[in-house]
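This report describes how the parts of one structure fit together. Please look at the sequence and the structure below before reading on.

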Amino acid sequence: MGSLNIENVKKAFGPVEVLKGINLEVTDGEFVVFVGPSGCGKSTLLRVIAGLEDSTSGRVVIDGADVSATPPAKRGIAMVFQTYALYPHLTVKNNMGLGLKQAGTPATEIDRRIGIASSMLSLEPYLARRPAELSGGQRQRVAIGRAVVREPKLFLFDEPLSNLDAALRVNTRLEIAQLHRRLKATMIYVTHDQVEAMTLADKIVVLNAGKIEQIGGPMELYNAPANEFVAGFIGSPKMNFVDGARLGETAKTIGVRPEHLTVDAKSGAWKGTVVHAEHLGADTNLYLDCEKAGLITVRIFGVYNAEPGATLYATPDPAKTYRFGADGKVLK
Amino acid sequence: MSTATHSLPRTIGAHAVLLTYTVIALFPVIIVIMNSFKSRAGIFGAPLTPPTPKTFDLIGYTTVIGQGDFIHYFQNSLVVTVASLFFVLLFGAMAAFALSEYRFRGNSLMGLYLALGIMIPIRLGTVAILQLMVASGLVNTLTALILVYTAQGLPLAVFILSEFMKQVSDDLKNAGRIDGLSEYTIFFRLVLPLVRPSMATVAVFTMIPIWNDLWFPLILAPSEETKTVTLGAQLFLGQFVTNWNAILAALSLAIMPVLILYVIFSRQLIRGITSGAVK
């Protein structure tokens with residue numbers, strides 16, 4: 001009931017090519033996250049799917065029907081925006097019901113669906129209020145509720161958590177995950193935050209400069225990144241990249257995640273000086289300036305006492321070291 | 001007493017500047033209203049003193065109401081101002097929405113063309129306008145005035161409103177599109193309420209020159225039927241004798257409606273209903 005096919009979609013604004021031929025297949029019930037740095041085209045791609053932007057070429061197919069020429073309201077989609085985009089002059093109830101009313105749904109059906117959505121999102125006490133009388137988290141729940149009542153084939157989320165503070169973000173993230181499990185609907189979610197991508201997605205699409213770099217499950221991207229960009233983008237703190245020539249390797253670049261390095265005070269592969277230490281309680285991030293590898297980050301689980309200026313040896317785990325060629329691709 | 005955010009000398013200084021400006025701005029208006037309640041001898045004897053029991057006289061007002069058809073002139077002025085204002089705001093907002101919302105070829109050129117009228121006074125085209133009105137048989141009708149004033153007010157309205165419309169959240173308009181609202185509904189129900197404060201600003205800027213205008217009523221609609229208040233007041237301005245009582249009374253009366261409209265719009269300037277829609 002909610003599959004999506006994107007076939008060779010290109011989008012150009014004047015001479016600027018924002019999407020350079022995107023091919024993607026989303027099966028029914030999947031939670032797909034588009035992730036990438038700002039300006040990579042992920043929001044544009046979402047808007048092309050929604051029909052808010054026409055693609056320059058290519059096809060968008062929802063549920064087997066080509067919707068490239070269908071207006072947004074007729075595509076069977078619902079969208080949640082970063083800025084909530086609630087109608088300021090309508091109450092919460094009317095905000096949620098407007099789309100259905102426009103489509104000519106009977107009033108009893110609208111009430112039934114609003115009832116279900118508002119209990120799902122615990123919005124019942126606020127149905128008579130206007131958006132101005134709600135907090136940020138409540139507004140975003142209303143925006144999600146407005147999407148839910150439409151019972152769409154496809155949910156589109158455009159960075160829905162960016163305007164919320166850190167604590168609310170975690171809560172709302174959880175709510176979206178539960179919503180997906182309950183509705184079993186197809187959802188497409190755009191974010192620049194790789195943590196959101198990793199925690200929510202069944203499938204992550206990493207975009208960069210208008211092209212798809214890699215598609216895969218969260219662990220697949222973490223364990224087997226296809227290229228240097230994906231390796232650097234997924235995982236926090238970022239993967240360390242060391243010039244292969246400095247280590248006497250044939251590969252152009254060697255990559256090791258901070259958590260796949262071990263440190264020792266006496267011996268190891270790379271000798272370095274501690275530049276800075278971040279103590280987070282559950283883990284400790286050390287920044288080491290190594291003679292051979294340059295500035296690298298090491299993540300140690302638990303508490304580790306190291307003062308800036310101390311000398312430490314870092315050793316990469318050879319089984320979890322990535323080798324990248326000159327074109328940025330992983331060498332097998 | 002000085003605190004972190006207030007210092008007494010600075011407060012006094014700021015108020016002194018503001019009060020001086022207020023006095024300068026209000027002075028002519030006060031003089032006009034004061035003298036309109038005085039007898040002719042009172043006006044010329046001591047123009048700067050308020051009316052005393054000796055100089056108090058309502059002769060100006062009785063002349064204005066008794067002579068000429070002043071109620072009718074008021075009506076004409078009001079019809080012309082309100083109708084022009086309505087069209088300026090409607091068409092100005094529509095043009096501004098198109099310019100700010102849709103990407104089309106020649107968009108910025110069109111914006112420049114529509115704003116050009118700010119720099120070129122419409123009075124330069126008076127002769128051509130008169131010929132046009134004669135040819136279309138609109139001389140001595142209020143329609144002629146409404147058309148001219150609408151044209152006169154549009155450039156500024158388009159210019160100001162398109163700037164404000166660019167600030168209206170794209171997400172909100174897109175949410176409307178996904179909910180199946182037509183572009184007209186999006187414009188009238190979502191965008192217009194959000195730019196209401198700027199509409200009020202434009203309304204004030206547009207309204208006052210129209211109400212006060214003497215030029216076009218004199219040229220395009222000088223007949224008794226279509227006279228506006230400013231033109232009607234000329235009745236008392238003779239070549240040899242000027243009835244100052246009547247003129248001052250007429251002007252005092254003419255201030256009232258425009259003041260009322262101003263108060264209505266300035267309420268809108270303060271009210272901000274955008275809060276809660278986005279962020």
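Which residues have the most contacts inside the largest nonpolar core?

## The nonpolar cores

The model is a predicted one. Its largest nonpolar core has 132 residues, and those with the most contacts inside it are A:Val33, A:Leu156, A:Ile188, B:Leu145 and B:Leu161. The element that gives the most to this core is helix α7 (residues 142-166) of chain B, with 15 residues. Apart from this core lies another, of 12 residues, which includes B:Val229, B:Ala246, B:Ala249 and B:Ala250.

B:Leu145 can serve as an example of the contacts of one core residue. Leaving out residues up to four places away in sequence, B:Leu145 touches B:Val80, B:Phe216, B:Pro217, B:Leu220 and B:Ala221.

## Two helices of chain B

Two packed helices are described by the angle between their axes and the distance between the axes. For helix α4 (residues 70-101) of chain B and α7(B), the axes come within 6 Å and cross at roughly 35°. This crossing of α4(B) and α7(B) is right-handed. The contact of α4(B) with α7(B) is made up of 21 nonpolar, seven polar and two charged residues.

## Where the chains meet

How many residues of chain A are in contact with chain B? There are 24 of them, and they are in contact with 19 residues of chain B. On the side of chain A that touches chain B, the elements that give two or more residues are β6 (77-80) and α2 (92-102) of chain A. By class, the residues of that side of chain A are 17 nonpolar, six polar and one charged.

## Helix α2 of chain A

Why is α2(A) described as largely enclosed by the rest of the structure? Eight of its 11 residues are buried, so the description fits α2(A). A residue counts as buried if 20 or more other C-beta atoms lie within 10 Å of its own. The buried residues of α2(A) are A:Val92, A:Lys93, A:Asn95, A:Met96, A:Gly97, A:Leu98, A:Gly99 and A:Leu100.

These buried residues of α2(A) pack against two helices of chain A, α3 (107-120) and α4 (136-149). After α2(A) comes A:Gly104, which has a positive phi, near 80°.

## The domains of chain B

Chain B is divided into domain 1 (8-57) and domain 2 (72-270). Taken over C-alpha atoms, the centres of domain 1 of chain B and domain 2 of chain B are separated by 31 Å. Seven residues of domain 1 of chain B are in contact with seven residues of domain 2 of chain B. On the side of domain 1 of chain B that touches domain 2 of chain B, α1 (8-36) and α2 (40-45) of chain B are the elements that give two or more residues. α1(B) gives the most to that side, with five residues. By class, that side of domain 1 of chain B has four nonpolar, two polar and one charged residues.

## B:Ser252

Is B:Ser252 buried or partly exposed? With 19 C-beta neighbours inside 10 Å, B:Ser252 counts as partly exposed. B:Ser252 is placed in helix α13 (residues 244-270) of chain B. Not counting residues up to four places away in sequence, B:Ser252 touches B:Val32, B:Ile33 and B:Ser36. B:Ser252 and B:Phe44 are 208 residues apart along the chain, and their C-alpha atoms are separated by 18 Å.

Methods:
Residues numbered from 1 in each chain as written. Chains lettered and ligands numbered in written order. Predicted model: local features only at pLDDT ≥ 70, side-chain atom pairs only at ≥ 80, totals over all residues. Domains from an automatic or database assignment. Helix = DSSP H or I, 4+ residues; strand = E, 2+ residues; numbered from the N terminus. Nonpolar A, V, L, I, M, F, W, Y, C, P; charged D, E, K, R; others polar. Core = buried A, V, L, I, M, F, W, Y, C linked by C-beta atoms within 7 Å. Axes fitted to C-alpha atoms, helices over the stretch in contact; angles between N-to-C directions. Left-handed = near helix turned anticlockwise from the far one by under 90°.
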